[in-house]
Amino acid sequence: MMELSIETQDKTVESYIKLFTLNEVADHWEYNDCWIVLRDRVYDITPFLKEHPGGEDVILENAGRDVTVAFYDKGHSKDAVEMLGQYCIGMLIESERIYSRPTLCRKEKAT
Ligand code: HEM
């Protein structure tokens with residue numbers, strides 16, 4: 001499954017889990033500074049922009065935002081999913097995650 005591939009590729013997330021807000025990610029939307037969010041993980045894909053087989057523009061259009069739907073809509077290969085791991089710099093703060101389980105249980109923790 002695609003989902004599992006991403007889990008296992010992002011070893012970096014487990015080893016140094018740095019948390020970001022969507023607001024912070026949104027500051028990085030330029031050619032020389034391009035972050036994206038995919039399944040609650042944050043990726044700095046600046047070095048990959050020029051190499052992207054689908055071109056720079058499609059990524060830049062979505063830079064600084066959640067690209068999960070755009071990414072899977074294009075039917076990216078397993079290779080593409082595996083490439084992602086090396087660009088992972090952290091994860092969204094728990095309250096802003098929409099794909100990970102803890103968010104689903106959030107109500108129980110509300111005060
Ligand atoms: C907004 C996000 C993205 C969009 C809309 C997008 C779109 C596309 C499109 C349209 C193609 C097809 C190019 C063609 O066959 O002519 C493509 C191919 C590809 N993309 Fe992306 N892409 C995105 C993000 C990424 C990211 C983050 C990676 C990896 C770090 C990636 C890796 C690849 C690879 C490896 C291919 C070659 C075909 C494949 O292996 O699936 N893309 N992309």
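## A tour that starts at the ligand

Start by selecting the ligand and the residues around it: there are 19 of them, and Pro53, Gly54, Val67, Ser77 and Ala80 come nearest. Now colour by secondary structure. Helix H4 (56-60), helix H5 (68-73) and helix H6 (78-84) are the elements that give two or more residues to this shell. Which helix gives the most? That's H6, with four residues. Try colouring the shell by residue type too, and you'll find twelve nonpolar residues, five polar ones and two charged ones.

Before you go on, keep in mind that you're looking at a predicted model.

**Next stop: Met83**

Stay on helix H6 and click on Met83, which has its place there. Is Met83 buried, exposed or partly exposed? It has 16 other C-beta atoms within 10 Å, so it counts as partly exposed; a buried residue would need 20 or more, and an exposed one would have 12 or fewer. Now select Phe48 as well and look at the pair. In sequence, Met83 and Phe48 are 35 residues apart, but from C-alpha to C-alpha the distance in space is 9.5 Å.

**Now the sheet**

Hide the helices for a moment and show just the strands. You should see an open sheet of five strands with mixed pairing, in the order E1-E5-E4-E3-E2. At its edges are strand E1 (19-20) and strand E2 (29-30), each of which pairs on one side only. What holds neighbours like these side by side? Strands of a sheet pair through backbone hydrogen bonds, either parallel or antiparallel.

Select strand E4 (residues 41-44) and strand E5 (residues 88-92): they run antiparallel, and three bridges join them. Pick out Val42 and look across to E5, where its bridge partner is Gly90. Then click on Tyr43, which stands opposite Cys88 in E5.

Keep Tyr43 selected and turn to strand E3 (residues 33-38). E3 and E4 also run antiparallel, this time with four bridges between them. One bridge to find here is the one from Ile36 to its partner Tyr43 in E4. Follow the chain around the hairpin of E3 and E4, where two residues lie between the strands, and stop at Arg39: it takes a positive phi near 45°.

**Zoom out**

Bring everything back into view. How many helices and strands does the protein chain have? Count eight helices and five strands. Walk along the sequence and the pattern reads α-α-β-α-β-β-β-α-α-α-β-α-α. Of the 111 residues in the protein chain, 23% are buried. If you look at contacts with a separation of 6 or more, 75% of them link residues 24 or more positions apart.

**Last stop: confidence**

Finally, colour the chain by pLDDT. Its mean is 83, and 76% of the residues reach 70 or more. Among the elements, helix H3 (residues 22-26) has the highest mean pLDDT, 98, while helix H1 (residues 2-9) has the lowest, 45. Select residues 1-8, where pLDDT stays under 50; the model has seven contacts beyond four places in sequence for this stretch. Then jump to residues 103-111, where pLDDT also stays under 50 and the model has three such contacts beyond four places in sequence.

Terms used: Residues are numbered from 1 along each chain as its sequence is written. This is a predicted model: local features need pLDDT of at least 70, side-chain atom pairs count only at pLDDT 80 or more; totals for chains, interfaces and linings use all residues. pLDDT is the predictor's confidence in each residue, from 0 to 100. Two residues are in contact if their C-beta atoms, placed from the backbone, lie within 7 Å. A residue is near a molecule or strand if its C-beta atom, placed from the backbone, lies within 6 Å of it. Ala, Val, Leu, Ile, Met, Phe, Trp, Tyr, Cys and Pro count as nonpolar, Asp, Glu, Lys and Arg as charged, and the others, Gly among them, as polar. Two strands pair if DSSP finds at least two bridges between them.
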